[in-house]
Amino acid sequence: MRDNTYLKAFEKLEKIPRVKLAFLPTPLQKLERISQLYGVEMYMKRDDLTGIEFGGNKTRKLEFTLPEAVKNKAKYLVTGAAFQSNWCRQTIACGNRLGMKTVLFLYGPEIPQKYKGNLLLDKVMGAEIHLNKLQQGESIPKAMQRTKENVNERIKELEEKDGECYYIEVGAPFPRGHVAYVYAVGELVRQLEEKGMMLNYFDYIVTAIGTGGTYTGLLVGKKLFNSTVKIYGFSAGFMPIETLKKRILKGAEETAEFLKVTMPFSKEDIYISEDYVGKGYDVPSKEEVGAIKQIAQKEAVFLDPVYTGKAMAGLLDFIKIDRIPKGSKVLFWHTGGLPALFSGEEITGSIYGL
Ligand SMILES: *Cc1c(COP(=O)(O)O)cnc(C)c1O
């Protein structure tokens, strides 16, 4: 079953510098009851179980981003994002394993009065945390721009006094980050081979989308392994869909270049939807809450209320409205994010209708 294309692809992927931090391969689980209920064959790739604390897709990205920090003998990792960022929590965890301290610049509309969810874990893991309040109508990227001087100043201070800092942009939105999910496709190919299956067994791979890095990696990965599987992405609403499409296309081209492979990409390769965002990324919709409850009740698997809940709501609806036909074979890629279940009011008992 394994032809020359596969061998070459694996060879390329194994040459990329990587620090091993996650528990890999993550499990591939068949969702028996959901499959039966919806008339499809549904599997789940459990990247919520990567094992860098409470798991998630960022751990894979960090495995490929951090070799440079190690090479630079960095003493500090510096990054920034939203108060409840999964990226920041996984960065600290990886940093702690590598003996590096993490400095976080976090942003949100109101300074939190209590440590909850990811922010609580960040604190327990010992990160240096700088909390920043957004100005009226200001986005997080804008606020990061506004506070850039503070970040640079802190970096300068630490470097003069103590040691090298390594700054990483949230989500590692560059080829060395994207390549993590190309590698993950390779991992899936191997896992399927053990079961006597091929990647083309699946008609669809479904993932949540934030900045599009994971989707980008999966798209390059499926082409690298010569598969016709369609990659469907459901946006959590961080970016307008046209921006996402452009980012994915550019990211895929750059990642192919990074891997020194020639493969054509076009807008027709990209299937993404923003129809399940609801009121916003941090406000779960009724459909999303329904999906979270149904998967928990039928399969005892938890989805998160920011990303994977929306993606699952989209997937289940696509099946209902026949955009994904009955009998299809679907792989849902669980990208993690579980601490958000314990992060705030909007996902307490009342919204779950308990
Ligand atoms: C960050 C994140 C995503 C989005 O990943 P991108 O590569 O930015 O699209 C999806 N799910 C979870 C749980 C995340 O933390």
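1. Let's start at the surface: Tyr115, Leu120 and Val124 form a nonpolar patch of about 290 Å². Patch members have over 30% relative accessible area and no salt bridge (a Lys or Arg side-chain nitrogen within 4 Å of an Asp or Glu carboxyl oxygen), with nonpolar side chains joined within 5 Å. Areas are Shrake-Rupley values with a 1.4 Å probe.

2. A word on the source: this is a predicted model, where local features need pLDDT of at least 70 and side-chain atom pairs pLDDT 80 or more, while totals for chains, interfaces and linings use all residues. Numbering runs from 1 along each chain, and side-chain values use heavy atoms, without hydrogens or water.

3. Back to the patch: Leu120 sits in helix α5, residues 117–124 (helices are DSSP runs of H or I, at least four residues). Leu120 counts as partly exposed because its relative accessibility is 38%, and that class lies between buried, under 20%, and exposed, over 50%.

4. Now the ligand. It is surrounded by 14 residues, the closest being Lys58, Lys61, Thr211, Thr214 and Thr335; a residue is near if one of its heavy atoms lies within 4 Å.

5. Polar side-chain atoms approach ligand oxygen atoms at 2.7 Å for Lys61, 2.6 Å for Thr211 and 2.7 Å for Thr214. Of the 390 Å² of accessible area that the ligand has on its own, the protein covers 97%.

6. Helices α3 (57–71) and α9 (213–224) each give two or more residues to the shell around the ligand. The largest share, three residues, is from α3.

How values were computed
Patches are made of residues with over 30% relative accessible area and no salt bridge: like charges are joined within 9 Å, nonpolar side chains (Val, Leu, Ile, Met, Phe, Trp, Tyr) within 5 Å. Buried means under 20% relative accessible area, exposed over 50%, partly exposed in between (1.4 Å probe, protein chains only). A polar contact is a pair of N or O atoms within 3.5 Å; within protein, one must be able to donate a hydrogen and the other to accept it, and residues adjacent in sequence count only if both atoms are side-chain atoms.
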